[in-house]
Amino acid sequence: MEFEMSNTCNLEDIMCSGQVSSSIRTHRDHLPPLPMPYDDAFVTQLREFIPHLHEAKFYGGEPFLIPIYYQIWEAIAELKPELFMFVITNGTVLNSRVKDLLQKGRFELAVSIDALDKTKLESIRKNVHLETLLEHIDYFSTYSRQHHRPLH
Ligand code: SF4
């Protein structure tokens, strides 16, 4: 099952659009937020499907900034903790909540970066700082290695 439920994102990458990034929608497009059709009732309805899933994939926006994903991840931790979960992150969000979450689930991560040259990276990925991003990638890499999973 694949989840692509919100455009909440803290970046304004030059090749992206307001449909995919809420920050672009606000700051570049000067448009109001997209409506969020998914609510607590959706998560409740999802519960009966979770035990039957083989894998779950989460896309953004930036998944680690999307509140309803945390509700879904909690439900998965409760109902099928062994479920394989794939998350594509921009690598900028790493706090205690994310770290706790990673320990609770079987996560495989992909970090989207467009360059490792600082000037190039920060000119493409607006709001990214290379040094912080590399620290986060290092954490995700250690996490993945410890759990014998690839980091993409
Ligand atoms: S991280 Fe992804 S969603 Fe956010 S601005 Fe960049 S490409 Fe768009």
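In the predicted model, strands E2 and E3 pair in the parallel sense, and four bridges connect them. Within this pairing, Lys-57 stands opposite Phe-86 in E3. Between the two strands the chain passes from E2 through H3 to E3, a β-α-β crossover that is right-handed. Strand E3 also pairs with E4, again in the parallel sense, over six bridges. Two of the facing positions can be named: Met-85 stands opposite Phe-107 in E4, and Val-87 stands opposite Leu-109 in E4. The chain crosses from E3 to E4 through H4, and this β-α-β crossover is right-handed.

Taken as a whole, the sheet is open and has four strands, in the order E1-E2-E3-E4, with parallel pairing. Its edge strands are E1 and E4, each of which pairs on one side only. Strand E3 is mostly covered, with five of its six residues buried. The edge strand E4 is also mostly covered, and five of its six residues are buried.

Helix H3, the helix of the crossover from E2 to E3, comprises residues 67–79. At 1.5 Å a residue, its 13 residues should span 18 Å, and the end C-alpha atoms are 19 Å apart, so the expected span and the span in the model agree. The buried residues of H3 are Ile-68, Tyr-69, Tyr-70, Ile-72, Trp-73, Ala-75 and Ile-76. In an α-helix there are 3.6 residues a turn, so residues three or four places apart point the same way. The buried residues of H3 are covered by elements that include the strands E1 (2–3), E2 (55–58), E3 (84–89) and E4 (106–111). Helices H2 (40–46) and H4 (96–104) are also among the covering elements.

The loop that follows H3 and leads to E3 contains Lys-80. The relative accessibility of Lys-80 is 15%, and therefore this residue counts as buried, the cut-off being under 20%. Apart from neighbours within four places in sequence, Lys-80 is in contact with Ile-50, Pro-51, His-52, Leu-53 and Ala-75. One of these partners, Ala-75, is itself among the buried residues of H3. The C-alpha atoms of Lys-80 and Gln-19 are 32 Å apart in space, and the two residues are 61 residues apart in sequence.

A second charged residue that is buried is Arg-25, which lies in helix H1 (residues 22–27). Arg-25 counts as buried because its relative accessibility is 15%. Not counting residues up to four places away in sequence, Arg-25 touches Asn-7, Gly-18, His-30, Leu-31, Pro-32, Pro-33 and Leu-34. Arg-25 and Thr-8 are 17 residues apart along the chain, and their C-alpha atoms are separated by 9.7 Å.

The ligand is surrounded by Cys-9, Leu-11, Asp-13, Cys-16, Val-20, Ser-21, Gly-61, Asn-90 and Arg-125. Sorted by class, this shell has four nonpolar, three polar and two charged residues. One member of the shell, Gly-61, is placed in the loop between E2 and H3. The peptide bond that joins Gly-60 and Gly-61 is cis, with omega at about -5°.

Two residues other than glycine have a positive phi and are described here. For Asn-127, phi is near 95°. Asn-127 is found in the loop between helix H5 (118–124) and helix H6 (130–146). With a relative accessible area of 39%, Asn-127 is partly exposed. For His-148, phi is positive at about 60°, although this residue is not a glycine. His-148 is found in the segment after H6. The relative accessible area of His-148 is 74%, and this residue is therefore exposed, as the cut-off for exposed is over 50%.

Key. Residues numbered from 1 in each chain as written. Predicted model: local features only at pLDDT ≥ 70, side-chain atom pairs only at ≥ 80, totals over all residues. Heavy atoms only, no water. Near = heavy atom within 4 Å. Expected span 1.5 Å × (residues − 1). Buried < 20%, exposed > 50% of the residue type's maximum accessible area, 1.4 Å probe, protein only. Contact = heavy atoms within 4.5 Å. Pairing = 2+ DSSP bridges. Right-handed = clockwise from strand over helix to strand, strands pointing away.
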